[in-house]
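Work through the following exercises with the sequence and the model at hand, and attempt each task before turning to its solution.

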Amino acid sequence: MTPSAARWTSRNQTHPRRRRREDESFRAVFIFDRKTAGFYPARGHSIFPDVTRLPLLLLALAASIGPVRTAAAEARDPGQFVARASDMLASGDTTNAIDLLVHSNLDDHPDSRAYILLGQIWRDRGTIDGRLRSQHVLEDARARFPRDIDVLIELGRTYFAQRFFPDAVACLQKALEVDPKRCDARFLIGLYHYRNWQRLNSYTDDLDAARRQLRAAWNCDPGNVQAARLYLYARYTLADTSAREADQMLAHFPREACFQLYRGALAYDAGQFDLCGRCFERGLALLPPAGRTAYEDLSSVLPVNSANRYLESPREVREVLRRGYWVTTDPDPTTAVNERQLEHIYRVFVSDMLFSNDWTGRRGWHSDRGETFIKFGAPLKVEHTMGAGQDGHAETWSYIRDGEFRQFLFVDEFLNGDPRIPYDDDYVLHNMRHDAEISSVLSSIARISGLLDVSVFRDDDLHASLYAGMRIDADSLDAHALPGSTNIYLIRGAYFDAAWQREGGDSDTLWTSQLPARAVSGTRVLEFVRRLSVPFGAHRVAWSMQDEHARVRALARGDADASRFAGDQLVLSDVLLYDEAASGESGAAGLVERGGLRMRPRIGHVFTSSDPLHSYVEVYGLNLLDGASDYEVRYSIFPATRAAMPAWRELLQAATGALGFENDDPVISQSFSRHATTHSANERIAIDISALEPGYYEMLVEVMDLNSGQHAASHTPLTVETGPVGRR
């Protein structure tokens, strides 16, 4: 029965008055549908009352045959419908594109192009109804074109969207039977196995099948980025990595961030931190700003309370805090590579690679397992069970941190491949998020602590000299170095501004003969001094020293503030406590040479009461009257505690507005009047400290410019010990 006849029959069944006798004229055939005509003849009245039966019959046949011929002519070329529908889609008119394809008499099309486009449109709507309509359209296409590869592949995609996985794989395998070279079919089968591994956490079956199919898909289509990426991820998860293959794919996709980050992860696993740093830097630079957030955000590193304060800070403040955190946690800030930051980037990337879930749409670093991996690193042991009662698949991660045994339980209650810490164990998640990130960075280099003293002096209107003196325990160094084979030491320094931006550094080598051990407080030590030219400002400083075989490294950090030198006001340099260099003493290890003196800094500021206290300080910004300046200088030593902050004395001095301390009597105090003919001067003195008892003290140097009335002060801590300290 034709559609017109069906409509006619229905109409007459609905409206009894339209029923006619079998011998009645064919006038009812010409009662037009409201949807297809602009008028509706009166019921029961023929629109052609004078037409005979035979002419009416011929006219009816012509009317029914004519449209069929037109439709058949259009059906011979379904490309016009596809082209018009594609134009509508390009302009965003999805509804009319669907309507055009639906009413194009799909059953009369000689090929499947319109079926495929309509199935794609319905599926891309992302709704249950849309996927179901896509399935029906493409199943009809398969019935008409059972060996059409494109139909089979599109139907497989729709089955995937419907989560009818066996049907999807069957369609794709059928497509490969027809044409084994269809790369997209192999890729979709590999993608199915990869996602099924994500859902079921089956490492031996689905993941291995995904590796084979994805590799075949990439061999077939070297431009398939996703196939190459997931293939590498599958290999990594199976502990079957190949740096050579990763380099091969990186050469194909140099602008894809995931391959740079993957290569960096392999380099990190191999301990190749220089290569790892370069790959991570390139990979992060290729990510969009939203993608870099997960790697740069400190909220996953800090305890939750600190993380909340970090997130509430302005963006500029967060950037400074982020740089400062990584510099302070860097095992050696003097090198170009920050192993601790590389470890964090590595953990974030690996958590995304292993724990991202396409079924839930959750990225790996947002999952419970990902958060745990970022905070604590790879677990010592992972146990898989089927859970208990209504629980699904469960994982138990075990750690040993600082001698403490810890376990985390993850349960896949909904069987979607995203196991969570159970609500019953919510305190575990709470405690985990309140812990700071724990580093597992392992190094073949033994690390020992050093002691650093930093002093700054003004050189000109823009620059200052920063002198760093470092002391290392010689016995600790010898305990880790190769016996009798150390001839050279490598020393490195770096300094950062107040915003933790690296501003510069230096490196040098010293022969062991140039760095003889000295005895200080009964301990053998090595000491060296190096100068850096720095701009005015506050600086964080770090120096390191290691042996030529890179078996042991000493590191020390310090702070310096040269910001007070910017301007013409009266200011003092840092107070340098020193020992006089012997005549003819080699300066290879470094000396401070200023004001005509050659000084070896007293690193650590440790004295005995029998030692003379040599002090050197420079004065800047003296006011000249008639070409001369008069000022007074006072040296005071006050009792202090180790926890005392030096700045409190300056605050007290500013509050009293007078020379000296009215409310705190010094143990030792000496004052001098000076006359100068320049804007700058230097003061040096040797103070007898025999009156000092063992303990902690602070030495304050104050200068009063008598011409301008300006006052300036500088201070430094010192320690007096019992017995002879001795310096040889």
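**Exercise 1.** Locate N487 in this predicted model, and determine which residues N487 touches beyond its neighbours in sequence.

*Solution.* Begin with the secondary structure, where N487 is found in the loop that runs between α21 (474-480) and β6 (488-496). Next, consider its accessibility: because the relative accessibility of N487 is 40%, and partly exposed covers the range between 20% and 50%, this residue counts as partly exposed. Then leave out residues up to four places away in sequence, after which the residues touched by N487 are L510, W511, T512 and E548. Finally, take W511 from that list: although N487 and W511 are 24 residues apart along the chain, their C-alpha atoms are separated by 5.8 Å.

**Exercise 2.** Describe how helix α8 and helix α9 pack, and work out which kinds of residue make up their contact.

*Solution.* Two packed helices are described by the angle between their axes and by the distance between those axes. For α8 (residues 165-178) and α9 (residues 183-200), the angle is about 155° and the axes are 9 Å apart. Since an angle over 145 degrees counts as roughly antiparallel, α8 is roughly antiparallel to α9. The handedness follows as a further step, and the crossing of α8 and α9 is left-handed. On the α8 side the contact is made by F165, V169, L172, Q173 and L176, while α9 contributes A185, R186, L188, I189, Y192 and R199. Sorted by type, the residues of this contact comprise eight nonpolar, one polar and two charged.

Definitions and conventions
Residues numbered from 1 in each chain as written. Predicted model: local features only at pLDDT ≥ 70, side-chain atom pairs only at ≥ 80, totals over all residues. Heavy atoms only, no water. Axes fitted to C-alpha atoms, helices over the stretch in contact; angles between N-to-C directions. Helix = DSSP H or I, 4+ residues; strand = E, 2+ residues; numbered from the N terminus. Parallel < 35°, antiparallel > 145°, perpendicular 65-115°, else oblique. Left-handed = near helix turned anticlockwise from the far one by under 90°. Contact = heavy atoms within 4.5 Å. Nonpolar A, V, L, I, M, F, W, Y, C, P; charged D, E, K, R; others polar. Buried < 20%, exposed > 50% of the residue type's maximum accessible area, 1.4 Å probe, protein only.
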